[in-house]
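Grab your favourite viewer and work through these exercises on packing, empty space and backbone angles. Try each task before you read its solution.

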Amino acid sequence: MKIIFKWATAVALAACAAGSLAPLAPAAAQEPGETVAIPFAPPVGQKLTYRLVRTTSEEGAGTKRGETRMQVGFRRAGTGFILDATLLADNLPPEIAAYPAFAALTLPMSFRVSPDGEITGIEDEARYWAAYEQLVRKTQQPGEAPAGRAVEVLRALPAENRLAMLSMNVAPLLALSASEFPLGETLEGEQDGMSPVGLVPQQVRVTLERVAGGRAHITSVTTTSAAAFEAAVRNFIDRAKGVPLGDEKFVSMELREIYEVSVTTGLVERQISQTTAEMEVGGKRSKMVRTNTIERLP
């Protein structure tokens, strides 16, 4: 999502250069069309706790709900920052918390962040994968593939895919930082959006609805065509060296997001994202709706 917001900033800055808009602090923006500047000023040295809730509804499979918490903190590193993040499994059933795929996500992770709030890499990635392999070995069941092989498969993924996979919980927190938007106007454009299968061409509409209570309220709608997504999947499989395609056919996907962003830090205070995907298997179509909510706790 970061790309479209940088694009939105470029549009706003171009308008300012032409003399048609004057960038304003968020609290000062009152009239439609006035440009609102969202900063990136994370609170260094503080621990922030977020609640993460995911609800998934699939035709024929019912609805599933999961909830956990995440703790994040920022450290300065040169001109940028290090973002430390840890998922907390203290409110999960033991059998779920111990499951290797989830337990691996609870390992502490650190990401390099640019001065304008873009996640650029994984800090000390080798240490993370070593800890991941050790954890998988501890929870491995008899007859399962060697833990080292599982790590090799994941580490063989392109760097952009590994970054997208490991940063999926923290990326929304910084999605709108260091950006500018015209109040009450909808910006439309195209972007190469990051996904677990790599960059995917998308169409995006973004609207800054209002600024109130120290928060900017922004909505966005992102659509992905079937052809674009399938091309990305095939490219990913080719680069992952022969992982076979399933018999599912992608039909359409739409992502609707509502953001409440601090006009002081530029970090997300609350985000609701709803993904609606339609697939076709054996000539029969099915729909999946997934809703994610991220909310900072006091």
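A cavity here is a set of grid points where a 1.4 Å probe fits but cannot get out, and a lining residue has an atom within 4 Å of such a point. Keep in mind that this is a predicted model.

**Exercise 1. Find the cavity and describe its lining.**

Step 1: Count. There is 1 cavity of 30 Å³ or more, and the space in the largest cavity comes to about 60 Å³.

Step 2: List the wall. The lining has 12 residues, and those nearest the centre are Met70, Ala85, Met109, Asn169 and Val170.

Step 3: Map the wall onto elements. Strand 5 and strand 6 each give two or more residues to the lining, with strand 5 giving the most, 3 residues.

Step 4: Sort by class. The lining of this largest cavity holds 9 nonpolar and 3 polar residues, and no charged ones.

**Exercise 2. Work out which residues touch the most other members of the largest nonpolar core.**

Step 1: Take the whole set. This core has 32 residues, and the best-connected members are Tyr50, Met70, Val72, Phe111, Tyr132, Val170 and Leu174.

Step 2: See where the core residues come from. Elements that give two or more include strand 3 (47-58), strand 4 (62-77), helix 5 (147-155) and helix 6 (159-166). Helix 4 supplies the largest share, 5 residues.

Step 3: Zoom in on Val170. Leaving out residues up to four places away in sequence, Val170 touches Met70, Val72, Leu83, Ala85, Phe111 and Ile119.

Step 4: Look for a second core. Another one, of 16 residues, lies apart from the largest; Phe181, Leu187, Val206 and Leu208 are among its members.

Step 5: Link back to Exercise 1. Val170 is one of the residues nearest the cavity centre and also one of the best-connected core members. Met70 likewise appears both by the cavity centre and among those core members.

**Exercise 3. Check the phi angles of Asp124 and Ala178, then say where each residue sits and whether it is buried or exposed.**

Step 1: Start with Asp124. Its phi is near 50°, a positive value in a residue that isn't glycine. Asp124 belongs to the loop between strand 7 and helix 4.

Step 2: Classify Asp124. Buried needs under 20% relative accessible area and exposed needs over 50%; Asp124 has 43%, so the label is partly exposed.

Step 3: Repeat for Ala178. Phi of Ala178 is near 55°, again positive in a non-glycine residue, and Ala178 is in the loop between helix 6 and strand 8 (179-182). With a relative accessible area of 25%, Ala178 is partly exposed too.

Notes
Residues numbered from 1 in each chain as written. Predicted model: local features only at pLDDT ≥ 70, side-chain atom pairs only at ≥ 80, totals over all residues. Heavy atoms only, no water. Core = buried A, V, L, I, M, F, W, Y, C linked by side-chain atoms within 4.5 Å. Buried < 20%, exposed > 50% of the residue type's maximum accessible area, 1.4 Å probe, protein only. Helix = DSSP H or I, 4+ residues; strand = E, 2+ residues; numbered from the N terminus. Contact = heavy atoms within 4.5 Å. 1 Å grid on protein atoms, 1.4 Å probe; cavity = no way out; pocket = protein on both sides within 12 Å on 5 of 7 lines; lining within 4 Å. Points joined across faces, edges and corners; volume = space filled by probe spheres on them. Nonpolar A, V, L, I, M, F, W, Y, C, P; charged D, E, K, R; others polar.
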